[in-house]
Structure formats: structure tokens, C-alpha cells
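Biologist: Could we walk through this structure together, one question at a time?

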Amino acid sequence: MGLSRVRAVFFDLDNTLIDTAGASKRGMLEVIKLLQSKYHYKDEAEIICDKVQVKLSKECFHPYSTCITDVRTSHWEEAIQETKGGADNRKLAEECYFLWKSTRLQHMILAEDVKAMLTELRKEVRLLLLTNGDRQTQREKIEACACQSYFDAIVVGGEQKEEKPAPSIFYHCCDLLGVQPGDCVMVGDTLETDIQGGLNAGLKATVWINKSGRVPLTSSPMPHYMVSSVLELPALLHSIDCKVSMSM
């Protein structure tokens, strides 16, 4: 790490600042209720939702050639077909998809303590939101949690040539804020994208949000720091700056 103070912090969005996993789970529960009450599915409802969850986890698409609504409606259509058989049911798939999507967006909330932390941090350093994913999906989440006003800039991977962990997107973020990689800290919950990306770009430090306390594999990228909550960040940044002061 360099001997300059932290001038900018890049934050991941999903499961770092907002509980995307929890919101998605609530969406799935609403779909299960719909399938059981309106369509009289029993055990099949949970099986369908489990299948969709697997399909979501394996998504891989080119951001400029794919409509996310079509892709995700197809996940539901395929899961229903695989579970129930019979003719394809696009209408039911659309109903499930839009219920899941609307429910999860309703639960994508920036908590008050997170808002307060961002507000205080921004008095000291520049803040940037750096999130991977489809443009439409991520912009809808940003709108839903109303986080725009807490950041100096927002960068969505699906709008760029490359996403995290490519160094280019981190250099783009630095350019937007007028800082050098050695001035910046990346904060996120995913070792393979947030942490590896920060390491690839030569950032001052990487901070892994490890809510579950899991031990990373020896083959995983190794973060400079690990915390269990994003709310621990201000104290950590203070200790990083103190180390710089003592070294100068």
C-alpha cells in the first residue's frame, strides 16, 4: 500500500450496501404463495423457485444484445416446464417474474445507519458506487434504494466495455473522481470481482464484507482487510490513515 491518505472509496451495491439476497428471497416467497393459492401448485411451487434461483446464479450474457426481461421470464418458463411438463406457459412465467421482481425491488432499502455512514464518509473522501450487472437491472435497484445522492459518481458494469474484476473499469472510476488507484479503497462482498478487481487495478486497499464469517479458499483472492459489516468501514479507514501518518 502507498503512503498517501485514502481519497476515495468505491462501494459495491448488492449484498454490500443493500440486502439483495434477502430481497430476492422475499420475492421468491411471494411467488410460492401465488403458485400455491391461485394455481394450486403444492410442492412444485418451491421446486420451480429453486430452479429459477439456480438459473439466476448461472446467468451470463452480453449487455448490449440481451433483454433482461426476456432472459428472466425464460428462466421462469423453463423452470415451470421442467417441473410441471405440458405446454409452455409464457403468461404464467411473466406473472411470476414480475411479482418476484417488484417484490424484491420493494425490499431493496438503504438502511438508515448505512445512509448516515455514507453521509459522514463523504465529508472526508469521495464516494463512488461500482456495481456489476445488466444496465436495466442495476439502474432499477439504484432507483429503488434511492442511493444516488450519497455518491459523487455511479458506474454500472453493464454500461462499460468491461466489468469488475477488469482493471479498466477501476481506472475509469479513478478518472471520474480525479484520483489515482493508490488513493482508493474498494469495498465489496465478492472476492472474485470486488477484491480481485481492486488487486488487479493496484488500489490502495481492498475490504471484503464477510457477513457469514466464512473462510476464503486458499485459491481465492486475498483482501487487505475483512469486516463483517460495511458499518465497520469508518473505523477501518481511520486506522489505515493513522498507519499512513505514522509512516510519514
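Here are some questions and answers about the sheet, the loops and the pockets.

Biologist: In what order do the strands of the open sheet stand?
Modeller: Keep in mind that this is a predicted model. The open sheet has six strands, with parallel pairing. Neighbouring strands are turned by 20° against each other on average, with direction ignored. The order is β3-β2-β1-β4-β5-β6.

Biologist: Which strands stand at the edges of the sheet?
Modeller: A strand at the edge has a single partner strand, so one side of it is left without a neighbour in the sheet. Reading the order β3-β2-β1-β4-β5-β6, you can look at its two ends. The edge strands are β3 (153-156) and β6 (225-227).

Biologist: What is the bridge partner of G188 in β5?
Modeller: Start with the two strands: β4 covers residues 184-188, and β5 covers residues 205-209. They pair in the parallel sense over four bridges. In β5, the partner of G188 is W208.

Biologist: At about what angle does helix α7 run to β2?
Modeller: Helix α7 spans residues 167-177. The helix lies across β1 (8-11), β2 (126-131), β3 and β4. Its angle to β2 is about 150°.

Biologist: Which residues does the cis peptide bond join?
Modeller: A good place to look is the loop between β3 and α7, where P165 is found. The omega of the cis bond is about 15°. The bond joins K164 and P165.

Biologist: Does N15 count as buried, partly exposed or exposed, and what about H40? Which words fit?
Modeller: N15 is found in the loop between β1 and α1, and its phi is near 65°, a positive value in a residue other than glycine. H40 lies in the loop between α1 and α2, with a positive phi near 60°. The cut-offs are under 20% relative accessible area for buried and over 50% for exposed, with partly exposed in between. N15 has 21% relative accessibility, so N15 is partly exposed; H40 has 62%, so H40 is exposed.

Biologist: What is the volume of the largest pocket?
Modeller: Let's look at the lining before the value. Of the 34 residues that line this pocket, the closest to its centre are L56, E59, R72, N132 and G133. The elements that give two or more residues to the lining are α1 (20-37), α2 (43-57), α4 (90-106), α6 (135-145) and α8 (191-200). The volume of the largest pocket is about 970 Å³.

Biologist: How many residues in the lining of the largest pocket are nonpolar, polar and charged?
Modeller: Each lining residue goes into one of these three groups. The lining divides into 13 charged, 15 polar and six nonpolar.

Biologist: Which element gives the most to the lining of the second largest pocket?
Modeller: The second largest pocket has a volume of about 200 Å³. Both α5 (112-121) and α9 (233-247) supply at least two residues of its lining. With four residues, the element that gives the most is α9.

Biologist: Which element supplies the largest share of the lining of the largest cavity?
Modeller: The structure holds one cavity of 30 Å³ or more, and the largest cavity has a volume of about 50 Å³. Its lining is made up of R72, Y97, W100, K101, R104, L105, T137 and E140. Both α4 and α6 supply at least two of the lining residues. The largest share, five residues, comes from α4.

Conventions: Residues are numbered from 1 along each chain as its sequence is written. This is a predicted model: local features need pLDDT of at least 70, side-chain atom pairs count only at pLDDT 80 or more; totals for chains, interfaces and linings use all residues. Side-chain values use heavy atoms; hydrogens and water are left out. On a 1 Å grid over the protein atoms alone, a cavity is a set of points where a 1.4 Å probe fits but cannot get out, and a pocket is an open set with protein on both sides within 12 Å along at least five of seven lines; lining residues have an atom within 4 Å of a point. Grid points are joined across faces, edges and corners, and a volume is the space filled by probe spheres set on the points. Ala, Val, Leu, Ile, Met, Phe, Trp, Tyr, Cys and Pro count as nonpolar, Asp, Glu, Lys and Arg as charged, and the others, Gly among them, as polar. Two strands pair if DSSP finds at least two bridges between them. Axes are lines fitted to C-alpha atoms, for helices over the stretch in contact, and angles run from 0 to 180 degrees between N-to-C directions. Contact means heavy atoms within 4.5 Å. Buried means under 20% relative accessible area, exposed over 50%, partly exposed in between (1.4 Å probe, protein chains only).
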